[in-house]
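Please keep the viewer open beside this text, and make each selection as it is named. The tour goes from one stop to the next, with a short account of what is there.

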Amino acid sequence: MKKFILLSSFLVSYLSLGQTRYWTSYNFTVEPQNEAAIYKLVDDYFKSNPTSESVNAYLYENHFRDNGNNYSHSFIWAGTLDGMGDQYTPKQDKDWELLLTKLTQLIDEPHSAAMGNTVVNQGENKPIQRYFYLDVEDPARYLIAFKKYLKYRPKDRQVLLGGFSAGRSPDGESHWIIVGFDDMKSAMDPGAYRRTNSQAQKAWDEYRKNRGETRLVRSGLRIMLGSW
């Protein structure tokens, strides 16, 4: 039976190799004519009800995705364990209840939900993000190899390594990676920097060799519409 390390994280604006953050995600599909209304509802709510210092909220468009991952948007909470625990503590919040009611009327179809925590988070928040879902045979070995290669990654990118503690799909993913970019051009050719950096290419080959058996389950690209 495979061992799973509980990893994951979303969007922290500094390097974090040891600090644990936790997240929950809610994936759903919205018809194109309702996308602007969804964003406005969420944005208006957080303008009047700002998040705490220990928790952030994010809204993404799931732009490029396969048919097994075919939802249009994600809403994500991310923060410290105490902050996330407080976020889910039952309490009366009429504004939040009203927001949920209005969102439900605009959402065409719910897709899935998940939660997890993080071990690696490097770089500032980026608007364009490629994601990779992986089935990792040896999580400890993979983590060592991943951290070792971090110093070769371009400094203008966001890199996160995470996993799931609940909500994994039947496809068998245990971990995920997010690589964030400033623009679509960079996202289209993420390995271009290795073609002009022989040390980075050598380190990349070693990373692939030393990370252990790893299977790509799926990949995609998402666009951050808002963060609060």
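## First stop: Lys126

Select Lys126 together with Asp156, and look for the place where a polar atom of the Lys126 side chain lies 3.1 Å from the backbone oxygen of Asp156. The model on the screen is a predicted one, and the distances given along the way are computed from its atoms. Lys126 belongs to the loop between S4 and strand S5 (128-136). Is Lys126 buried or exposed? Its relative accessibility is 8%, so Lys126 counts as buried, the cut-off being under 20% relative accessible area. To show its surroundings, leave aside the neighbours within four places in sequence and display the residues in contact with Lys126, which are Asp156, Arg157, Gln158, Gly180, Phe181, Asp182 and Met224.

## Second stop: Asn56

Move next to Asn56, which is found in strand S2 and, at 24% relative accessibility, counts as partly exposed. Two polar partners can be displayed here: the side chain of Arg21, joined to that of Asn56 by a polar contact of 3.3 Å, and the backbone oxygen of Trp228, which lies 3.4 Å from a polar atom of the Asn56 side chain. Both Arg21 and Trp228 appear among the residues in contact with Asn56 once neighbours within four places in sequence are set aside, and the others are Thr51, Ile76, Trp77 and Ala78. For Ile76, a C-alpha trace is useful, as the C-alpha atoms of Asn56 and Ile76 are separated by 8.2 Å while the two residues are 20 apart along the chain.

## Third stop: helix H1

Now select helix H1 (35-48). Its 14 residues should span 20 Å at 1.5 Å a residue, and the computed separation of its end C-alpha atoms, 21 Å, agrees with that expectation. Which residues of H1 are buried? They are Ile38, Val42, Asp43, Tyr45 and Phe46. If the view is turned to look down the axis of H1, these buried residues fall within an arc of 160°, and therefore they line one face of the helix. Ala36, Lys40, Lys47 and Ser48, by contrast, are exposed on the other side of H1. The buried residues pack against S1, strand S2 (55-64), strand S3 (73-79), H3 and S4.

## Fourth stop: helix H3

From H1, continue to helix H3 (residues 94-106), whose 13 residues should span 18 Å at 1.5 Å a residue, in agreement with the 19 Å between its end C-alpha atoms. Leu99, Leu103 and Leu106 are the buried residues of H3. Seen down the helix axis, they fall within an arc of 55°, so they line one face of H3, whereas Lys94, Thr104 and Gln105 are exposed on the other side. Colouring strand S1 (22-30), helix H1 and strand S4 (107-122) will show the elements against which the buried residues of H3 pack. Before leaving, zoom in on the start of H3, where a side-chain oxygen of Asp93 reaches to within 3.2 Å of the backbone nitrogen of Asp95.

## Fifth stop: the aromatic rings

A pair of aromatic rings is described by the distance of the centres and the angle of the planes. How many aromatic pairs does the structure hold? There are 20 of them. One is formed by Tyr131 and Tyr133, a tilted pair with 5.6 Å from centre to centre and 40° between the planes. Tyr131 counts as buried at 5% relative accessibility, and Tyr133 is buried as well, with a relative accessible area of 15%. Tyr142 and Phe146 form a stacked pair, because their ring planes meet at 25° with the centres 6.2 Å apart, and planes under 30 degrees apart count as stacked. Both residues lie in helix H4 (residues 139-149), where they are four residues apart, about one turn of the helix. Tyr142 is buried with a relative accessible area of 1%, and Phe146 is buried with a value of 0%.

Select next Tyr39, Tyr45, Phe46, Phe75, Trp77, Trp96 and Trp228, which ring pairs link into a cluster.

## Last stop: charges over rings

Finish with two arginine side chains. Arg194 lies over the face of Trp204, at 3.8 Å from the ring centre, and the charged end of Arg211 sits over the ring of Tyr207, 5.3 Å from its centre.

Definitions and conventions. Residues numbered from 1 in each chain as written. Predicted model: local features only at pLDDT ≥ 70, side-chain atom pairs only at ≥ 80, totals over all residues. Heavy atoms only, no water. Phe/Tyr/Trp six-rings, centres within 6.5 Å; stacked < 30°, edge-to-face > 60°. Buried < 20%, exposed > 50% of the residue type's maximum accessible area, 1.4 Å probe, protein only. Helix = DSSP H or I, 4+ residues; strand = E, 2+ residues; numbered from the N terminus. Lys NZ or Arg CZ within 6 Å of the ring centre and 35° of its normal. Expected span 1.5 Å × (residues − 1). Arc of directions from axis to C-beta. Contact = heavy atoms within 4.5 Å. Polar contact = N/O pair within 3.5 Å; in protein donor to acceptor, adjacent residues only side chain to side chain.
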